[in-house]
Amino acid sequence: MTSSRARRRYSMAVLGCSAGYAGALFGATSYFKNHPDGRSLVAYIAAIVPALLIIGIFVAIGRYLVEERDEFVRMLMIRQTLVASGLALSLATLWGFLESFRLAPHVDAYWFAIVWFGGLGLGACINRFTLGREA
Amino acid sequence: MNNRLRALRAERMWSQQHLADQLDVSRQSVNAIETGRYDPSLPLAFRIAELFDLAIEDVFVSPSLVA
């Protein structure tokens, strides 16, 4: 991939959010292990901070799409996000109906964000398959 | 969209990276355009044509003219 300024900023933001997420998730897990019935303000903060850091990655991707000046590279990322969104929304819809009719166990909604990130990887593979090795 | 970018670049003995630097795009963009896997936007097509001091139709072949 290109090493444009936008790309470097995006990589730094993703790295920062990922590291923060790992720390926040560890902190939240530890907190709720010690406060299993926690409903205080601290409990809400502990639960929300990991989510905010994941949202930070979404924001970083959006910002990258706005700032990337190389139109071909930008198109590659747009295609990846479309594949990721299609995959995650399709799975969420499918699972939602199965779960509603009690044909599938409950799955926490944040897993669909994880599927979305997997979809980015699938999108990159599709780019390479359809646009060549350099895509 | 077919184009003469590779031939024009070869005439000047420019590398893909050199052309990419002049166009302010990545080398992979130049490669994708040369191989016809990506059609550039009109502004980028104009930049490419102006860099070679040619008209757009001298660089890019109109799809409607291809049999």
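# Reading a two-chain predicted model

Modeller: Let's start with chain A, whose domain assignment gives domain 1 (1-68) and domain 2 (70-135). Keep in mind that this is a predicted model.

Biologist: Okay, how do I read the spacing of those domains? How many Å separate the centres of domain 1 of chain A and domain 2 of chain A?

Modeller: Take the centres over C-alpha atoms, and the separation comes to 19 Å. As for the contact, domain 1 of chain A puts in eight residues, while domain 2 of chain A puts in seven residues.

Biologist: And what kinds of residues are on the domain 1 side?

Modeller: On the side of domain 1 of chain A that touches domain 2 of chain A, you'll find five nonpolar, two polar and one charged.

Biologist: I see a record for chain A too. Where does UniProt place the feature "transmembrane region"?

Modeller: The UniProt entry, which is unreviewed, puts that feature at residues 12-32, 44-66, 78-98 and 110-131 of chain A. You can then check such spans against the model. Residues 44-66 of chain A are 100% helix and 0% strand, with end C-alpha atoms 32 Å apart. Residues 78-98 of chain A are also 100% helix and 0% strand, and their end C-alpha atoms lie 30 Å apart.

Biologist: Now the two chains together. How do people usually give the size of an interface?

Modeller: Often as the accessible area lost when the parts come together. Here we can look at contacts instead: nine residues of chain A are in contact with 12 residues of chain B.

Biologist: Which element of chain B gives the most to that side?

Modeller: That's helix α3 (residues 27-34) of chain B, with four residues. The side of chain B that touches chain A splits into four nonpolar, six polar and two charged residues.

Biologist: Let's try backbone angles. What is phi at B:Met13?

Modeller: Phi of B:Met13 is near 55°, so you're looking at a positive value in a residue that isn't glycine.

Biologist: Where is B:Met13, and is B:Met13 buried or exposed?

Modeller: Look in the loop between α1 (5-11) and α2 (16-23) of chain B. B:Met13 counts as exposed because 7 other C-beta atoms lie within 10 Å, and the cut-off for exposed is 12 or fewer.

Biologist: What about B:Asp24, then: where is that residue?

Modeller: B:Asp24 sits in the loop between α2 and α3 of chain B. Its phi is positive, about 60°, although B:Asp24 is not a glycine. B:Asp24 has 12 C-beta neighbours inside 10 Å, so B:Asp24 counts as exposed.

Definitions and conventions
Residues are numbered from 1 along each chain as its sequence is written. Chains are lettered from A and ligands numbered from 1 in the order in which they are written. This is a predicted model: local features need pLDDT of at least 70, side-chain atom pairs count only at pLDDT 80 or more; totals for chains, interfaces and linings use all residues. Domain bounds come from an automatic or database domain assignment. Two residues are in contact if their C-beta atoms, placed from the backbone, lie within 7 Å. Ala, Val, Leu, Ile, Met, Phe, Trp, Tyr, Cys and Pro count as nonpolar, Asp, Glu, Lys and Arg as charged, and the others, Gly among them, as polar. Helices (H or I, at least four residues) and strands (E, at least two) are DSSP runs, numbered from the N terminus. A residue is buried if 20 or more other C-beta atoms lie within 10 Å of its own, exposed if 12 or fewer, and partly exposed in between; C-beta atoms are placed from the backbone. UniProt positions are given in the numbering used here, feature names are shortened, and annotations may be inferred rather than shown by experiment.
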